[in-house]
Amino acid sequence: MAMDGCALFLSSLRENLRESAFHDGRGGDSMKLEECKKCPHHVMHVIDEVLCQYWTNGEYRATGYSHRDNTVYVIGCPIEEELTAKPVAYRISS
């Protein structure tokens, strides 16, 4: 079965998820700007924001600079939020 662009991107992202300086085991949701630009939902990068159409409507995401590895990160990436989300346990009351 062939993978579409988004599925290929997600597959690649999962493999490289732990390389991010913001991913220190606490489940961060930041992505390197260079990875963001490869995403099919990326629209544009302007100064300190990225326009993303992951949720179909354009949303601006802030960017931040890491002095630790001299890299720009997109903060609050919705794809990373889904990849790092922990399952929620529901309690059904009777």
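Reader: What makes strand β1 and strand β5 a pair?

Author: In this predicted model, strand β1 (residues 30-32) and strand β5 (residues 71-75) are joined by three bridges in the antiparallel sense. Two strands pair if at least two bridges are found between them, and three bridges satisfy that condition, so β1 and β5 are called paired. Within this pairing, K32 stands opposite Y73 in β5.

Reader: How do you know that β4 and β5 pair, and what lies between them?

Author: Four bridges connect β4 and β5 in the antiparallel sense. Since the requirement is at least two bridges, β4 and β5 therefore count as paired. The two strands form a hairpin with four residues between them, and N70 in the turn has a positive phi of about 50°. S66 stands opposite T71 in β5.

Reader: Why is T71 called buried or exposed?

Author: T71 is placed in strand β5. Its relative accessibility is 18%. Buried means under 20%, so T71 counts as buried.

Reader: What makes the approach of T71 to D69 a polar contact?

Author: The side chain of T71 reaches the backbone oxygen of D69 at 2.9 Å. The cut-off for a polar contact is 3.5 Å, and the distance of 2.9 Å lies within it, so the pair meets the distance condition. Leaving aside neighbours within four places in sequence, T71 is also in contact with K32, G64, Y65 and S66.

Reader: How do you know that β3 pairs with β2 and with β4?

Author: Strand β2 (residues 42-46) and strand β3 (residues 49-52) run antiparallel and are joined by four bridges. β3 and strand β4 (residues 59-66) are likewise antiparallel, over four bridges. Each count meets the requirement of at least two bridges, so both are pairings. H45 stands opposite V50 in β3, while the bridge partner of L51 in β4 is Y60. The hairpin of β2 and β3 has two residues between the strands, and I47 takes a positive phi near 45° there. In the hairpin of β3 and β4, with six residues between the strands, T56 takes a positive phi near 70°.

Reader: Why is V43 called partly exposed, and which patch includes V43?

Author: V43, in strand β2, has 40% relative accessibility. Partly exposed lies between the limits of 20% and 50%, so V43 counts as partly exposed. V43, M44, V46, I47 and Y60 form a nonpolar patch on the surface, with about 490 Å² of accessible area together. The largest share of this patch, three residues, comes from β2.

Key. Residues are numbered from 1 along each chain as its sequence is written. This is a predicted model: local features need pLDDT of at least 70, side-chain atom pairs count only at pLDDT 80 or more; totals for chains, interfaces and linings use all residues. Side-chain values use heavy atoms; hydrogens and water are left out. Patches are made of residues with over 30% relative accessible area and no salt bridge: like charges are joined within 9 Å, nonpolar side chains (Val, Leu, Ile, Met, Phe, Trp, Tyr) within 5 Å. Accessible areas come from the Shrake-Rupley method with a 1.4 Å probe; for residues, only the protein chains shown count as cover. A salt bridge is a side-chain nitrogen of Lys or Arg within 4 Å of a carboxyl oxygen of Asp or Glu. Buried means under 20% relative accessible area, exposed over 50%, partly exposed in between (1.4 Å probe, protein chains only). A polar contact is a pair of N or O atoms within 3.5 Å; within protein, one must be able to donate a hydrogen and the other to accept it, and residues adjacent in sequence count only if both atoms are side-chain atoms. Contact means heavy atoms within 4.5 Å.
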